[in-house]
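Reader: I am in my first year and still learning how to read a protein model. Could you take one part of this one and look at it closely with me, and then show how it sits within the rest of the chain?

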Amino acid sequence: MLRPRAWTLAQSQWAADVAATAPEGRVLELFAGAGHIGLAAVAASRRELVMVDLNPAAVELARTNVDRAGLADRVSVRHGRIDEVLDDGERFAVVVADPPWVPSAGIGEFPDDPSIAIDGGDDGLDLARTCCDVIARHLLPGGTAILQVGTSDQVRALDEHLRQGGSGLRTAETRVFERGVLVELRPRVT
């Protein structure tokens, strides 16, 4: 299991900060892995958390971490594709997501990471785009999503995807770290 990285902990803190003023509702963690981002985001609150991941090993680790954190009464872990495991009517006040964002040609640079956890396709954004589409369908009005990607160029490409796709989301703020970038997504004001 990986140690949380600086921007990962920053993502948890940012999500916890926005959750303090977000509408009532649950938190959703997409591409949850072992669940450390979402668990840290809700630990000091009363919010419920739904974690989703496709990798069965990651789901098992997440369930173990939920139990160890003593949060099983308000955290559920779902196994499956992020665009298939949520009911149409489910809405969330805050979403955190760490989709694979390494371009396929560069995954060899990270030999300690399983390829399923980091391979984001040709430009590194295949799953991040899907993630944005899922967020657009499941974010409550007034809600916030905090998404992790690799570079500021990827943020610009996602912003273009959001504008062209009519998702109703916009990039609101970006925070750059040495080895990762966090981007805040909010509903587009019309």
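Author: Glu 29 is buried, with a relative accessible area of 1%, and because buried here means under 20%, its value of 1% falls within that class. The model is a predicted one, so each value in this answer is computed from predicted coordinates. The place of Glu 29 in the chain is strand 1, which covers residues 27-30. If its neighbours within four places in sequence are set aside, Glu 29 is in contact with Gly 35, Ile 37, Gly 38 and Leu 39, as well as with Leu 49, Val 50, Met 51, Val 52 and Val 96. A further residue to look for is Asp 53, which lies 24 residues from Glu 29 in sequence, while the two C-alpha atoms are 8.7 Å apart in space.

Several of these names lead on to strand 2, which comprises residues 49-53 and runs parallel to strand 3, residues 75-79, with 5 bridges joining the two. If you would like one pair to find on the screen, take Leu 49, whose bridge partner in strand 3 is Val 75. Strand 2 and strand 3, taken together with helix 3 (residues 56-68), make a right-handed β-α-β unit.

Following the chain beyond strand 3, you come to the loop between strand 3 and strand 4 (92-97), and in this loop you find Glu 90. Glu 90 counts as buried, at 9% relative accessibility. Its side chain makes a polar contact with the side chain of Arg 26, at 3.1 Å, and the side chain of Glu 90 also reaches the backbone nitrogen of Asp 87, at 2.7 Å. Apart from neighbours within four places in sequence, the residues in contact with Glu 90 are Arg 26, Arg 78, Val 85 and His 138.

The cysteines deserve a careful look as well. A disulfide is a covalent bond between the sulfur atoms of two cysteines. A search of the whole structure finds 0 disulfides. For Cys 131, which is in no disulfide, the nearest cysteine sulfur is that of Cys 132, 5.9 Å away, and Cys 132, likewise in no disulfide, has the sulfur of Cys 131 as its nearest, at 5.9 Å. The cut-off for a disulfide is a pair of cysteine sulfur atoms within 2.5 Å. Cys 131 counts as buried, at 0% relative accessibility, and Cys 132 also counts as buried, at 0%.

Towards the later part of the chain, strand 6 (residues 169-177) and strand 7 (residues 180-187) run antiparallel and are joined by 8 bridges. A hairpin of 2 residues links strand 6 to strand 7, and within this pairing Thr 171 has Leu 185 in strand 7 as its bridge partner.

Stepping back to the whole, the protein chain has 6 helices and 7 strands, which follow the pattern α-β-α-β-α-β-β-α-α-β-α-β-β when read along the sequence. The radius of gyration of the chain is 15 Å, close to the 16 Å that the globule rule gives for 190 residues, so the chain is as compact as a globular protein of that length. The C-alpha trace spans about 45 × 40 × 30 Å along its principal axes, and 47% of the 190 residues count as buried. Among contacts between residues at least 6 apart in sequence, 67% join residues at least 24 apart.

Terms used:
Residues are numbered from 1 along each chain as its sequence is written. This is a predicted model: local features need pLDDT of at least 70, side-chain atom pairs count only at pLDDT 80 or more; totals for chains, interfaces and linings use all residues. Side-chain values use heavy atoms; hydrogens and water are left out. Two strands pair if DSSP finds at least two bridges between them. Helices (H or I, at least four residues) and strands (E, at least two) are DSSP runs, numbered from the N terminus. A crossover is right-handed if, with the strands pointing away from the viewer, the path from the first strand over the helix to the second runs clockwise. Buried means under 20% relative accessible area, exposed over 50%, partly exposed in between (1.4 Å probe, protein chains only). A polar contact is a pair of N or O atoms within 3.5 Å; within protein, one must be able to donate a hydrogen and the other to accept it, and residues adjacent in sequence count only if both atoms are side-chain atoms. Contact means heavy atoms within 4.5 Å. The radius of gyration is taken over C-alpha atoms; the globule rule is 2.2 Å times the number of residues to the power 0.38.
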